[in-house]
Amino acid sequence: MRWLDDPILDMQHLTMRFGGLVAVNDLSFKAARGDITALIGPNGAGKTTVFNCITGFYKPTEGMLSLRHVDGASFLLERLPGHSIAWKAKVARTFQNIRLFSGMTVLENLLVAQHNPLMIASGFTFLGVLGLPSYTKAERAAMDKAKYWLDKTGLLARADDPAGDLPYGAQRRLEIARAMCTEPVLLCLDEPAAGLNPRESHELNELLLSVRKDHATSILLIEHDMSVVMEISDHVVVLDYGTKIADGTPAEVKHDQKVIAAYLGVDDRDVEKVEAEVGV
Ligand SMILES: Nc1ncnc2c1ncn2[C@@H]1O[C@H](COP(=O)(O)OP(=O)(O)OP(=O)(O)O)[C@@H](O)[C@H]1O
């Protein structure tokens, strides 16, 4: 299990309670550097809550979330404010419901994502914006990066259109492009294939495989579309009612009786019967 050797994310005993409800229950797993790790499970299993804990939207009730960069710098995410998780630990995310700046153009969405390096180049002053050569250089770099991701996501021709006018699948790709403009080491994608047709879903797979191959970005993926999960994931972690029920390669998880039972909603003792019926 190579994800134990060089984990980018090491989650230990994560628990998140909302009053009496335990949304995530003592969850531990490791995500390897350079892997696509999928977090799957039936509705309400706690997947988005895990993302919200990683990205600082929620402070976990208990547990440790350790992220380690390739240079050895490490971050305890549960102790950092959300903006430091994005900016210093370099974790980016997309949302289950698309959250673009829909009135801004496609290009502007990608430039806004690069606000931090531009502010540093300006020396945090208005004078910087007017004259500093470092600002002009940073502005050019931001534009180049935006163009690169527009090209990569097939959106170059739509650069000047309002983001809200794009078809649904294109908006999903723009969200990924925007997240990638922040140069994350860990990209958390919440159901990126939701609402996509089979062709768009295939294009998404290609895009994510290329993000993994060409950039130093590891991916954590929540996804209900099993064709996406099984085709591109290196490692799958399965949650049910907030508890981890399986952790392995896609092939291992696919044949795990507890996973089949959780997805099909049957008792453990009926799993073999169901397996025979579905031909696993
Ligand atoms: N802010 C909150 N307050 C109270 N309960 C919450 C909150 N956020 C999530 N929950 C509850 O925690 C449980 C897990 O929800 P979560 O959204 O993490 O599941 P999920 O696996 O992402 O589901 P889905 O696949 O439907 O998106 C659910 O019972 C949900 O109602």
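**Entry 1. Pairing and the model**

I note at the outset that two strands count as paired if DSSP finds at least two bridges between them. The model I am reading is predicted. I looked up strand E3 (residues 36-40) and strand E8 (residues 218-222), which run parallel and are joined by 4 bridges. One residue pair I traced is Ile36, whose bridge partner in E8 is Ile219. I recall that strands of a sheet pair through backbone hydrogen bonds, either parallel or antiparallel.

**Entry 2. The whole protein**

I counted the secondary structure and found 12 helices and 10 strands. Of the 280 residues in the protein, 38% are buried. I then turned to contacts between residues at least 6 apart in sequence, and 65% of these join residues at least 24 apart.

The protein divides into domain 1 (2-90 + 183-278) and domain 2 (100-179). The contact between the two domains takes 8 residues from domain 1 and 8 residues from domain 2. On the domain 1 side of this contact I recorded 6 nonpolar residues, 1 polar and 1 charged.

**Entry 3. The six-stranded sheet**

I asked in what order the strands of the mixed sheet stand. The 6 strands form an open sheet in the order E6-E7-E8-E3-E9-E10. Strand E6 (91-93) and strand E10 (243-248) are the edge strands; each has a single partner strand, so one side of each is left without a neighbour in the sheet. From one strand to the next, I noted a twist that averages 15°.

Next I looked at what lies across this sheet. Helix H1 lies across E3, E6, strand E7 (186-190), E8 and strand E9 (235-240). The helix H1 runs at about 150° to E7.

**Entry 4. The four-stranded sheet**

I found a second open sheet, in which 4 strands stand in the order E2-E1-E4-E5 with antiparallel pairing. Here E2 and strand E5 (74-76) are at the edges; each has a single partner strand, so one side of each is left without a neighbour in the sheet. Neighbouring strands of this sheet are turned by 15° against each other on average, direction ignored.

I followed strand E1 (residues 7-18) in both directions. E1 pairs with strand E4 (residues 62-68) in the antiparallel sense over 5 bridges. E1 also pairs with E2 in the antiparallel sense, over 8 bridges. Which residues stand across from Asp10? In E4, the bridge partner of Asp10 is Ser66. In E2, Asp10 stands opposite Lys30.

I also looked up the turn between E1 and E2. The two strands form a hairpin with 2 residues between them. Gly19, which lies in that turn, has a positive phi of about 60°.

**Entry 5. The ligand shell**

I listed the residues around the ligand: Phe18, Leu21, Ala23, Gly41, Asn43, Gly44, Ala45, Gly46, Lys47, Thr48 and Thr49. By class, the shell has 4 nonpolar, 6 polar and 1 charged residues. Strand E2 (21-32) and helix H1 (47-54) each supply at least two residues of this shell. Which element gives the most to the shell? I found that H1 does, with 3 residues.

**Entry 6. Helix H1**

I asked whether H1 is mostly covered or mostly open. It is mostly covered, for 7 of its 8 residues are buried. The buried residues are Lys47, Thr49, Val50, Phe51, Asn52, Cys53 and Ile54. Lys47 and Thr49 also appear in my list of residues around the ligand. After H1 comes Gly56, and the phi of Gly56 is positive, near 85°.

**Entry 7. Glu200**

I closed with a single residue, Glu200, which has its place in helix H8 (residues 198-214). Is Glu200 buried, exposed or partly exposed? I found 17 C-beta neighbours inside 10 Å, and therefore Glu200 counts as partly exposed. The cut-offs are 20 or more neighbours for a buried residue and 12 or fewer for an exposed one. I also looked up Ala170, which is 30 residues from Glu200 in sequence. In space, the two residues are 8.8 Å apart, C-alpha to C-alpha.

Methods:
Residues are numbered from 1 along each chain as its sequence is written. This is a predicted model: local features need pLDDT of at least 70, side-chain atom pairs count only at pLDDT 80 or more; totals for chains, interfaces and linings use all residues. Domain bounds come from an automatic or database domain assignment. Two residues are in contact if their C-beta atoms, placed from the backbone, lie within 7 Å. Ala, Val, Leu, Ile, Met, Phe, Trp, Tyr, Cys and Pro count as nonpolar, Asp, Glu, Lys and Arg as charged, and the others, Gly among them, as polar. A residue is near a molecule or strand if its C-beta atom, placed from the backbone, lies within 6 Å of it. Axes are lines fitted to C-alpha atoms, for helices over the stretch in contact, and angles run from 0 to 180 degrees between N-to-C directions.
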